[in-house]
Amino acid sequence: PFLLTSSFEAIPNVLVEAQWYGLASLVTPAGGAPESIWKDVTGRITSFDAPDLIANDLVTLLSDMDFRQRAKAEGALFVKKAFATERMIDETLELYGR
């Protein structure tokens with residue numbers, strides 16, 4: 001599993017890379033981190049201001065073999081789809097009305 005406990009983030013490349021390698025991820029709701037996971041498939045969101053909640057959520061994630069296997073199976077596919085250059089180009093062109 002991968003744990004990201006940032007208070008401030010943009011789009012965390014390390015989180016994208018962790019999912020690409022099939023690591024189930026637990027992230028705080030900092031910046032673009034929540035948008036960088038496939039919620040409840042490749043990652044889960046925890047608190048950034050409560051260490052006891054983070055610890056509990058991490059123990060839960062470590063204990064949930066089904067979730068970890070699903071994240072492993074789906075991680076690279078999610079990253080390939082969500083962060084593909086073609087998708088970003090298409091969305092940019094759509095934004096500009098082309």
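**Checking the labels**

Me: In what order do the 3 strands form an open sheet?

Reply: The order is β1-β2-β3, and the pairing is parallel. At the edges stand β1 (2–4) and β3, each of which pairs on one side only. From one strand to the next, the twist averages 15 degrees. This is a predicted model: local features need pLDDT of at least 70, side-chain atom pairs count only at pLDDT 80 or more, and totals for chains, interfaces and linings use all residues. Numbering starts from 1 along each chain as its sequence is written, and side-chain values use heavy atoms, with hydrogens and water left out.

Me: How do you know that β1 and β2 pair?

Reply: Two strands pair if DSSP finds at least two bridges between them. Here 3 bridges join β1 to β2 (residues 25–27), so the rule is met. The two strands run parallel. Leu-4 stands opposite Val-27 in β2. Helices pack on this sheet too. α1 touches β1 and β2, and its direction makes about 165 degrees with that of β1. α2 touches β1, β2 and β3, at about 165 degrees to the direction of β2. Such angles run from 0 to 180 degrees between N-to-C directions, with axes fitted to C-alpha atoms, for helices over the stretch in contact.

Me: What makes a stretch count as a helix or a strand, and how many of each does the protein have?

Reply: Both are DSSP runs: helices are H or I with at least four residues, strands are E with at least two, and numbering goes from the N terminus. The protein has 4 helices and 3 strands. Along the sequence they follow the pattern β-α-β-β-α-α-α.

Me: Why is the link between Asp-64 and Arg-44 called a salt bridge?

Reply: The term needs a side-chain nitrogen of Lys or Arg within 4 Å of a carboxyl oxygen of Asp or Glu. For Asp-64 and Arg-44 the N to O distance is 2.8 Å, so the pair qualifies. Asp-64 lies in the loop between α2 (51–63) and α3 (65–82) and Arg-44 in strand β3 (residues 43–45), so the bridge ties together parts that are 20 residues apart in sequence.

Me: Which of the labels buried, partly exposed and exposed fits Arg-44, and which fits Asp-64?

Reply: Buried means under 20% relative accessible area, exposed means over 50%, and partly exposed is in between (1.4 Å probe, protein chains only). Arg-44 has 19%, so Arg-44 is buried. Asp-64 has 23%, so Asp-64 is partly exposed. In the protein, buried residues make up 37% of the 98 residues.

Me: What makes Glu-91 and Arg-87 a salt bridge?

Reply: Their closest N and O atoms are 2.7 Å apart, so they fall within the cut-off. Both lie in helix α4 (residues 85–95), 4 residues apart, about one turn of the helix. An α-helix has 3.6 residues a turn, so residues three or four places apart point the same way. Glu-91 is partly exposed at 44%. Arg-87 is partly exposed at 28%.

Me: How do you know that the length of α3 agrees with its residue count?

Reply: The expected span is 1.5 Å times one less than the number of residues. For the 18 residues of α3 that gives 26 Å, and the end C-alpha atoms are 24 Å apart, which agrees.

Me: Where does α3 bend, and what do its buried residues pack against?

Reply: The bend is about 45 degrees, at Glu-74. That is the angle between axes fitted to the seven residues ending there and the seven starting there. Among the buried residues of α3 are Phe-67, Ala-71 and Phe-78. The buried residues pack against α1 (13–20), β3, α2 and α4.

Me: What makes Asp-40 worth a look?

Reply: Most residues other than glycine have a negative phi. Asp-40 is not a glycine, yet its phi is positive, about 65 degrees. Asp-40 sits in the loop between β2 and β3. At 42%, Asp-40 is partly exposed.

Me: Which residues is Phe-83 in contact with, leaving aside its neighbours within four places in sequence?

Reply: Contact means heavy atoms within 4.5 Å. By that rule Phe-83 is in contact with Ile-11, Val-16, Ser-36, Phe-78 and Met-88. Phe-83 lies in the loop between α3 and α4. Val-16 is 67 residues away along the chain, but the two C-alpha atoms are separated by 8.5 Å.
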